[in-house]
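Here are a few short exercises to work through with the model open beside you. Try each task before you read its solution.

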Amino acid sequence: MCGRFVSFTVGEELAVEVAEVPGLRPVEVRAEAPPRFNVGPTQPVQIIVPTEKLQEQLPDAPVSDSRTSLIGARWGLIPHWAKEVPKAPWFNARGETVNSKPAFRDAYKRSRCLVPADGWYEWNINAEGKKVPYYASFSDRPVFFAGLWTAWEDMYSCTIVTTASEGSPIEWLHDRMPRILAPEDCASWLWGDPEEVSALREPVDNAVLEPLEVREVDPAVGNIRNDGPELLNGPV
């Protein structure tokens with residue numbers, strides 16, 4: 001699963017990174033965000049969406065010639081048909097069932113997004129039986145998680161697609177992981193037909209994970225009120 005992540009590459013800096021991904025430029029920043037080091041469910045995040053899909057949701061908005069837009073969204077999907085904010089914070093969607101589960105299937109068909117992150121946290125039990133937090137990241141760049149998004153009343157919301165980690169270099173950490181998209185797969189995820197992107201609901205190729213680094217971090221990350229770069233330090 002992915003229940004906490006880090007997002008310190010934001011705004012225009014993030015737009016520069018997005019523009020380097022094949023098929024995503026030009027990029028328009030429509031929402032700024034502060035750097036965050038402990039993002040939790042229901043909190044605001046930044047997502048990348050096709051601009052034409054955004055225009056469909058905002059027909060009165062100024063027409064833009066950008067291909068993708070960086071917008072703000074609630075982390076926790078609210079289906080377009082929901083009458084109220086769901087009590088269950090649907091912040092993860094299993095890749096195996098995202099095309100059939102009622103909460104996600106419409107978004108999977110019509111409104112996929114990228115959720116940028118600089119890394120994510122996961123907890124594991126060590127040899128002494130203690131629950132220990134770890135940070136997984138690529139050292140030189142943000143990653144892009146496969147996501148879904150919706151427009152609901154006056155807000156946007158999103159969820160992160162997850163897959164099994166069995167057979168990957170980090171299966172020891174947790175049995176689930178966010179579905180990381182290789183740069184060459186990002187545009188396909190945003191614009192491909194549901195059938196065309198079905199393979200992107202399956203576990204990522206281990207070659208994509210080769211640069212991934214995992215290290216133990218400060219236990220203070222367990223408290224969602226803690227937020228700062230010091231969380232990425234090892235335990236004292």
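**Exercise 1.** Find the bridge partner of Ser7 in strand 3.

*Solution.* Start at Ser7 and cross to strand 3: the partner is Arg36. Next, widen the view to strand 1 (residues 5-7), which pairs with strand 3 in the antiparallel sense over 2 bridges. Strands here are DSSP runs of E, at least two residues long, numbered from the N terminus, and two of them pair if DSSP finds at least two bridges between them. Finally, place both in an open sheet of 5 strands, antiparallel in its pairing, with the order 3-1-8-9-13. Its edges are strand 3 (36-39) and strand 13 (212-216), each pairing on one side only.

A note on the source: this is a predicted model, where local features need pLDDT of at least 70, side-chain atom pairs count only at pLDDT 80 or more, and totals for chains, interfaces and linings use all residues. Residues are numbered from 1 along each chain as its sequence is written, and side-chain values use heavy atoms, leaving out hydrogens and water.

**Exercise 2.** Classify the aromatic pair of Tyr134 and Trp172.

*Solution.* First, recall the criteria: rings of Phe, Tyr and Trp (its six-membered ring) pair with centres within 6.5 Å, and planes under 30 degrees apart are stacked, over 60 edge-to-face, the rest tilted. The whole structure holds 11 such pairs. With 5.3 Å centre to centre and 90° between the planes, Tyr134 and Trp172 are edge-to-face. Tyr134 lies in strand 9 (residues 131-138) and Trp172 in the loop between strand 11 (155-164) and strand 12 (176-178), so the pair ties together parts 38 residues apart in sequence.

Note on methods
Helices (H or I, at least four residues) and strands (E, at least two) are DSSP runs, numbered from the N terminus.
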